[in-house]
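Visitor: I would like a close look at one part of this structure, the surroundings of the ligand. Could you walk me through what is there?

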Amino acid sequence: MKKHICLLEGDGIGPEILAQGVDAITTAARKTGHELTFAKALIGGAALDATGEPLPSETVETCRNADAVYLAAVGGPKWDAANPEKRPEKGLLGIRKSLGLFANLRPAMLMPELAGACLLHPKTAAEGLDLIVVRELTGDVYFGEPRGIIMRDGLRTGVNTMLYTEEGIRRIAKVAFETARLRRKKVCSVDKSNVLETSRLWREVVIAVHKDYGDVELSHMYVDNAAMQLVRAPSQFDVILTGNLFGDILSDEAAVITGSLGMLPSSALGDDGPGLFEPTHGSAPDIAGQDKANPLAAILSGAMLLRLGLNIPEAASLVENAVRQALRDGFRTFDIMEPGKTLVGCRAMGQKVIENIGKAY
Ligand code: IPM
Ligand code: MG
């Protein structure tokens, strides 16, 4: 089978980590009898520099014509002062909205190979951590209107609107319950319904959707408590269902306590059309171009692309197993380095993974 992928390298470490990801998924796809073709498009700061727009319309077109979109990272201090419409992040938010990617799946797990890098108390770490944040991605304060910096009562005032429709909540709740069915069948819906009307509606709709998923256990948690429980007892979570803003924060927290943000992949899916696959971490401009970045989150996002975006699960497993093997063999980038292990750069880590894919079966 032939599949076409749109590559969005973006900024900072983006190009170097994506190069490793592309090699890994090409090798795994070929091994399982599939051919991948690629087209690059501009996004973020790179697009701003080249065209003056963070998301040129050709990029949206190239993405729409692909079977999946593979993105690295956007942003950097160079563009921080830009007006809000001309920030690299607008490119990312824009592509999510344009492709209708409302469901963001962010798995966080503690790989036994990396237990030493985990930030949790050893007793807590020993209980394990294997959860997935199902974050709504096209609503909330990120997109709600009105927004802006306005004059009100003679004072400059910042305004954003937290906004969710019933339908917006229903469709992401379904994704969470469906995801839980493939895992340990537990959904914890995270909101702030003790304060926010948006959250009250959220909870009401989640409870209604749950009626069709009697086999899945549903609980609710306020977001402040959830932030605390994630470090206190993360093994209690299977699927965390939440909105865009809370999901942004909780997914970084879940990712970093596993030991490195550089390890965790994510996918963004809509009802139809291509999904978008990207590492959870940012563009790390401080180490860009130095061959220091950890490519594993990008490579594992490639595995998600193969599984969820192209429906080639056997190729996805090849990639995931190859990553585990590279870690078992003791190779570490500097962010996950521990005494006694072998320090490697971005390219060498990628090549170890690719060699392992080549050696499989
Ligand atoms: C993420 C990022 C983005 C977000 C930024 C870069 C706009 O933090 O994907 O989590 O807030 O969604
Ligand atoms: Mg974030």
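Guide: The shell around ligand 1 draws on two domains: at least three residues come from each of domain 1 (1-107 + 261-361) and domain 2 (119-257). Please keep in mind that this is a predicted model. The residues to pick out on your screen are E89, L92, R96, R106, R135, Y142 and D248. By class, that shell holds 2 nonpolar and 5 charged residues, with no polar ones. If you are looking for a good landmark, try helix α4 (residues 88-98), which gives the shell its largest share, 3 residues.

Now zoom in on the oxygen atoms of the ligand. One oxygen atom of ligand 1 is 2.5 Å from an N or O atom in the side chain of Y142. Two arginines join the picture: an oxygen atom of ligand 1 is 2.8 Å from an N or O atom in the side chain of R106, and the R135 side chain likewise has an N or O atom 2.8 Å from an oxygen atom of the ligand. Taken alone, ligand 1 would expose 320 Å², and the protein buries 78% of that. As for the site itself, ligand 1 sits in the second largest pocket.

While you are there, follow the chain a little further. The loop between β5 (130-136) and β6 (148-152) contains P146, and a cis peptide bond joins E145 to P146, with omega at about 0 degrees. In the loop between β6 and β7 (155-159) you will find D153. D153 is not a glycine, yet its phi is positive, at about 50 degrees.

Conventions: Residues are numbered from 1 along each chain as its sequence is written. Chains are lettered from A and ligands numbered from 1 in the order in which they are written. This is a predicted model: local features need pLDDT of at least 70, side-chain atom pairs count only at pLDDT 80 or more; totals for chains, interfaces and linings use all residues. Side-chain values use heavy atoms; hydrogens and water are left out. A residue is near a molecule or strand if one of its heavy atoms lies within 4 Å of it. A polar contact is a pair of N or O atoms within 3.5 Å; within protein, one must be able to donate a hydrogen and the other to accept it, and residues adjacent in sequence count only if both atoms are side-chain atoms. Accessible areas come from the Shrake-Rupley method with a 1.4 Å probe; for residues, only the protein chains shown count as cover. On a 1 Å grid over the protein atoms alone, a cavity is a set of points where a 1.4 Å probe fits but cannot get out, and a pocket is an open set with protein on both sides within 12 Å along at least five of seven lines; lining residues have an atom within 4 Å of a point. A molecule sits in a cavity or pocket if more than half of its atoms lie within 2 Å of its grid points. Helices (H or I, at least four residues) and strands (E, at least two) are DSSP runs, numbered from the N terminus. Ala, Val, Leu, Ile, Met, Phe, Trp, Tyr, Cys and Pro count as nonpolar, Asp, Glu, Lys and Arg as charged, and the others, Gly among them, as polar. Domain bounds come from an automatic or database domain assignment.
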